[in-house]
Amino acid sequence: MPAASLLPLFGSAAGPGALGGPAGGGAGGGGRKAAGPGAFRLTEKFVLLLVFSAFITLCFGAIFFLPDSSKLLSGVFFHSAALQPPPPPPGGQPRAPPQPGGGPVAGAAAAAAAGGAGSLERIRADHERALREAKETLQKLPEEIRRDIRQDKEKLLQDARGRKEAGAPGLPQRLFRQPVGAVGQEPADPAVRQRRAKIKEMMKHAWDNYKRYAWGLNELKPISKQGHSSNLFGNIQGATIVDALDTLYIMEMKEEFKEAKEWVEKNLDFNVNAEISVFEVNIRFVGGLLSAYYLSGEEVFRKKAVELGEKLLPAFNTPTGIPWALLNIKSGIGRNWPWASGGSSILAEFGTLHLEFVHLSHLSGNPVFAEKVMNIRKVLNRLDKPEGLYPNYLNPSSGQWGQHHVSIGGLGDSFYEYLLKAWLMSDKTDEEGKKMYYDAVQAIETHLIRKSSGGLTYIAEWKGGLLEHKMGHLTCFAGGMFALGADGAPNDKMGHHIELGAEIARTCHESYDRTSMKLGPEAFRFDGGVEAIATRQNEKYYILRPEVIETYMYMWRLTHDPKYRQWGWEAVEALEKHCRVDGGYSGIRDVYNNHESHDDVQQSFFLSETLKYLYLLFSEDDLLPFEHWIFNTEAHPLPVLHKDDGNKEENQK
Ligand code: DMJ
């Protein structure tokens, strides 16, 4: 019985005259009814005292000896600290999502304090939940418990450190040291210098028109000369600005960089009710902000990157920790693309968070970001892989693969890229990433890579064991990836991986060369008597994509074979001839046609990737050198976390 209901009864019995009124006695009182307290005999008094002291003992026994009753009472009578709402986080930084129900003890106290009907039920339920959680903890492996404790401690320490900070609320102080190669020399060769200057002029044309017609919006419609909004970013605005920041920086477009930075400071806002693509927002916004910070050292970029990273964390609230594809960053509610096999998350999406999230932990001091992406690996490593291949679909609730479709292009591509780059970014200490990458490449070579009768090497798509002899424009990035990974290839296969990169580069160049406009289609086929040609109308478009130029850039850096600069220059000429319009650059609907039909979109990745890779292709190797930088999948450079710079822990997360 609740103590509160016992006390009035006791009071009535002891009070003078309490038993005298009709209300106090009820019907069957007998002689005692007429007698006053003074009429009690000594033995009666003694018996009463005994009853009273037994009752007190019972109450205090319950308070001190029943499990958790002290916590209960502290909630009821003393209004323990758990009942107080937490103070606002420093600088208004969002907190880690609260436990459902605010934690069992706080919940019990709140229920008891409310004193309403059913509060006991709630208290019991909360206590049962606490017990369940304790049991679950006991079932964890010791290393998991240790990790949880470490994580909690680090979080507390970091919060405490963050509160002491002046100027960077919520973030630990950090001495900025610009990584090697953020700026480079002018190219020695005047012809190369001239070509590079031309590419810078292209960037200026794209930027100036965006600024003139679509400033602050996500992208530019260069024909209709207005803003273009993509639902990938919900109503987060400014995709082109954030995506372009680092390109402006490395091209030394100082005025433009300054105005972009000012826009970010004043206008970039993540406190919006928006359902966004976690992958796209991560690679473009988080990646863009991180690069801008590492190049310029401007604190605003670090703060915004971490703020946005925190907004993305609820995407990982799934039974397996494999994140949702889509997230409402206000409500924290996630879901998957309705078209994805059986409610699955997409390999290329959840597999393309690693680099950015490791850097978010590095810059914020909060290990939670790295923990989230390391858990993705753990889930993947527990699963059987068909023929050693990774299907594109994985259900975040069951932790099982969806359809057995495998692609090194769309839906799969950057997952493989990030395994390799995670190893490189860790200064080659992330052995797990390395193994996963080279094992995957082995399976890809065995099951997906084929040679056409005309001698072109291509990467097919795999559908439940059957090959579709089609290669996407997106897949062309793999040439650069194979070459970049050659250095660590097991069994003396370095030369083989470089050769594979060179062959993919040649095939992708052919896909450009076999069109009227010398720009590559979205997908090309090796069946029905064709090689490296699109046969379906809906695969003939070019949307200013970078992957082929990206591979030229890697091949140039790693081989210095002049044909890659030559092929890159062909692409510049084609872009100028067919995509450049008064209002910027536009994609093309059919690259096999002799007359341009423009799609009227200047994609933000044209500024972040296509033009950046072209610029690097005509730069000296000292600009963003590979020993010190790796590029995220949107071409945003992130520094290698060198172990001798005190980054040992980050590298081992
Ligand atoms: C970019 O946003 C990224 O490269 C992504 O990985 C896939 N492709 C587009 C550009 O084509």
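This note walks through some places worth a look in this structure, which is a predicted model.

1. **The residues around the ligand.** A good place to start is the ligand. Around it sit Ile 283, Arg 284, Leu 474, Arg 545, Pro 546, Glu 547, Phe 605, Glu 609, Thr 633 and Glu 634. Sorted by class, this shell holds five charged residues, four nonpolar ones and one polar one. Two helices, H11 (278-296) and H22, each contribute at least two residues to the shell.

2. **Polar contacts to the ligand.** Which residues place polar atoms beside oxygen atoms of the ligand? Glu 634 does so with an N or O atom of its side chain, 2.5 Å from a ligand oxygen. Glu 547 also uses its side chain, with a polar atom 2.6 Å from an oxygen atom of the ligand. Thr 633, in turn, offers a polar backbone atom, and here the distance to a ligand oxygen is 2.7 Å. As for cover, the ligand taken alone exposes 290 Å², and the protein buries 92% of that.

3. **Thr 610 in helix H22.** Do stop at Thr 610, which belongs to helix H22 (residues 604-617). Its relative accessible area is 0%, so Thr 610 is buried. The side chain of Thr 610 comes to 2.8 Å from the backbone oxygen of Leu 544. Beyond its neighbours within four places in sequence, Thr 610 is in contact with Tyr 542, Leu 544, Arg 545, Pro 546, Ile 549, Leu 575 and Phe 605. Arg 545, Pro 546 and Phe 605 appear in that list, and these residues are also among those around the ligand.

4. **Val 281 in helix H11.** The other helix named for the ligand shell, H11, also holds Val 281. Is Val 281 buried or exposed? Its relative accessibility is 0%, so Val 281 counts as buried. Leaving out residues up to four places away in sequence, Val 281 touches Leu 232, Phe 233, Ile 236, Ile 276, Val 286, Leu 308 and Leu 312. Take Leu 232 as one of these contacts: Val 281 and Leu 232 are 49 residues apart along the chain, and their C-alpha atoms are separated by 7.6 Å.

5. **Helix H14.** How many of the residues of helix H14 (residues 354-364) are buried? The count is 11 of the 11, and therefore the helix is largely enclosed by the rest of the structure. The buried residues include His 354, Glu 356, His 359 and His 362, along with Leu 355, Phe 357 and Val 358. Gly 365 follows H14 and has a positive phi, near 75°.

6. **Ile 449 in strand E9.** Strand E9 (residues 449-451) includes Ile 449. With a relative accessibility of 11%, Ile 449 falls under the 20% cut-off and so counts as buried. Its C-alpha atom is separated by 4.5 Å from that of Ile 459, a residue 10 places along the chain. If neighbours within four places in sequence are set aside, Ile 449 is in contact with Ile 444, Thr 457, Tyr 458, Ile 459, Phe 482 and Leu 500.

7. **Two positive phi values.** Two loop residues deserve a check of their backbone angles. Leu 411 has a positive phi of about 80°, although it is not a glycine. You will find Leu 411 in the loop between strand E8 (405-406) and helix H16 (413-425). Asp 427 is another residue other than glycine with a positive phi, near 60°; it lies in the loop between H16 and helix H17 (431-447). What about their exposure? Leu 411 has 28% relative accessibility and so counts as partly exposed, whereas Asp 427, at 19%, counts as buried.

8. **Aromatic residues.** Lastly, a search of the whole structure turns up 26 aromatic pairs. One of them joins Tyr 437 and Tyr 438 in an edge-to-face arrangement, with 4.8 Å from centre to centre and 75° between the planes. Tyr 437 is buried, at 0% relative accessibility, and Tyr 438 is buried too, at 7%. Elsewhere, Tyr 390, Trp 401, Phe 415 and Tyr 416 make up one aromatic cluster.

Note on methods: Residues numbered from 1 in each chain as written. Predicted model: local features only at pLDDT ≥ 70, side-chain atom pairs only at ≥ 80, totals over all residues. Heavy atoms only, no water. Helix = DSSP H or I, 4+ residues; strand = E, 2+ residues; numbered from the N terminus. Buried < 20%, exposed > 50% of the residue type's maximum accessible area, 1.4 Å probe, protein only. Contact = heavy atoms within 4.5 Å. Polar contact = N/O pair within 3.5 Å; in protein donor to acceptor, adjacent residues only side chain to side chain. Near = heavy atom within 4 Å. Areas by Shrake-Rupley, 256 points an atom, 1.4 Å probe, with all protein chains shown as cover. Nonpolar A, V, L, I, M, F, W, Y, C, P; charged D, E, K, R; others polar. Phe/Tyr/Trp six-rings, centres within 6.5 Å; stacked < 30°, edge-to-face > 60°.
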